[in-house]
Amino acid sequence: MNKNIILCGVGGQGTVLASKLIAAAAMKKDIPVMSAETIGMAQRGGSVFSHIRMGEGLYSPMIAKGTADIIIGFEPGETVRMLPYLKEGGQVIVSSRAIMPVTATLSDTPYNGRKMIDFLKKRIPKLLVVDSGPACKEIGSPKVLNLLLLGAAIHCQALGLGEEDIKEAIRGRLHEKFHELNFRALAYVREHSLHC
């Protein structure tokens, strides 16, 4: 079964690492996978998008509009920006924590993400909003947002991969001292029984 997955956020949130973990986990299971990142001004808090396609008969890593099975949004505004890619009946998993875009900072425009979350709630039937601030605090680091959201996608059975698949990818890509923290983030949504 083919899967089209979009990850979106801003620079520094671990979006690219999350896409690499998904791709590594898929390859380990002999699932054909293609991926592409658009990182733009990532180092300055700019938009970051990853397209991941898994399954047979792939000819391009880019996902066409209206064909993404899931969008994993690290930031509410960036998630809304990527909605044209979501297929009808697709799943959205989004972090509740907003990051002020540079344009809003420069123009002194207020932005806290609430309107974006409200917009998603009205438009997307299959939506999971992860209250990522308290979750990351409980896990022990704000840097595990990427694994928190991957864990949510696994819990919602939206990735076509399991927790052990991503754990194996973590073991292969991250230093051992970071394993336990990331494993806790991966399991958080499942352990807290959040509803998809």
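Which residues does Ser19 touch, not counting residues up to four places away in sequence? Keep that in mind, everyone, while I set the scene. What we have here is a predicted model.

Let's start with that serine. Ser19 is found in helix H1, which covers residues 15–28. With the neighbours up to four places away in sequence left out, Ser19 touches Leu7, Glu37, Ser50 and Ile52. Is Ser19 buried or exposed? Ser19 counts as buried, because its relative accessibility is 1%.

Now let's move to the nonpolar residues. In soluble globular proteins, nonpolar side chains tend to be buried together. In our model, the largest nonpolar core has 43 residues, and the members touching the most others are Ile72 and Leu150. Helix H6 gives the largest share of this core, with 8 residues. If you'd like to follow along on the structure, find Ile72. Leaving aside residues up to four places away in sequence, Ile72 touches Ile5, Ile6, Leu7, Cys8, Ile93, Leu149, Leu150, Ala153 and Leu159. Apart from the largest core lies another one of 17 residues, and its members include Ile6, Ile71, Val80 and Tyr85.

You may have spotted Cys8 among the contacts of Ile72, so let's talk about cysteines. A disulfide is a covalent bond between the sulfur atoms of two cysteines. How many disulfides does a search of the whole structure find? The search finds 0. Why is Cys8 not in one? The closest cysteine sulfur, in Cys156, is 16 Å from the sulfur of Cys8, and that is too far for a bond. Cys136 is in no disulfide either, as its nearest cysteine sulfur, that of Cys8, is 16 Å away. Both of these cysteines are tucked inside: Cys8 is buried, with a relative accessible area of 0%, and Cys136 is buried too, at 6%.

Last stop: the empty space. Rolling a probe the size of a water molecule over the atoms shows where empty space is left. The largest pocket here holds about 470 Å³ of space. It is lined by 21 residues, and the closest to its centre are Gly12, Pro142, Lys143, Val144 and Leu145. Helices H5 (132–139), H6 (145–155) and H8 (179–191) are the elements that each give two or more residues to this lining. Which element gives the largest share? That is H5, with 3 residues. Sorted by class, the lining has 9 nonpolar, 10 polar and 2 charged residues.

That's my tour. Thanks for listening!

Terms used
Residues numbered from 1 in each chain as written. Predicted model: local features only at pLDDT ≥ 70, side-chain atom pairs only at ≥ 80, totals over all residues. Heavy atoms only, no water. 1 Å grid on protein atoms, 1.4 Å probe; cavity = no way out; pocket = protein on both sides within 12 Å on 5 of 7 lines; lining within 4 Å. Points joined across faces, edges and corners; volume = space filled by probe spheres on them. Helix = DSSP H or I, 4+ residues; strand = E, 2+ residues; numbered from the N terminus. Nonpolar A, V, L, I, M, F, W, Y, C, P; charged D, E, K, R; others polar. Core = buried A, V, L, I, M, F, W, Y, C linked by side-chain atoms within 4.5 Å. Buried < 20%, exposed > 50% of the residue type's maximum accessible area, 1.4 Å probe, protein only. Contact = heavy atoms within 4.5 Å. Disulfide = S-S within 2.5 Å.
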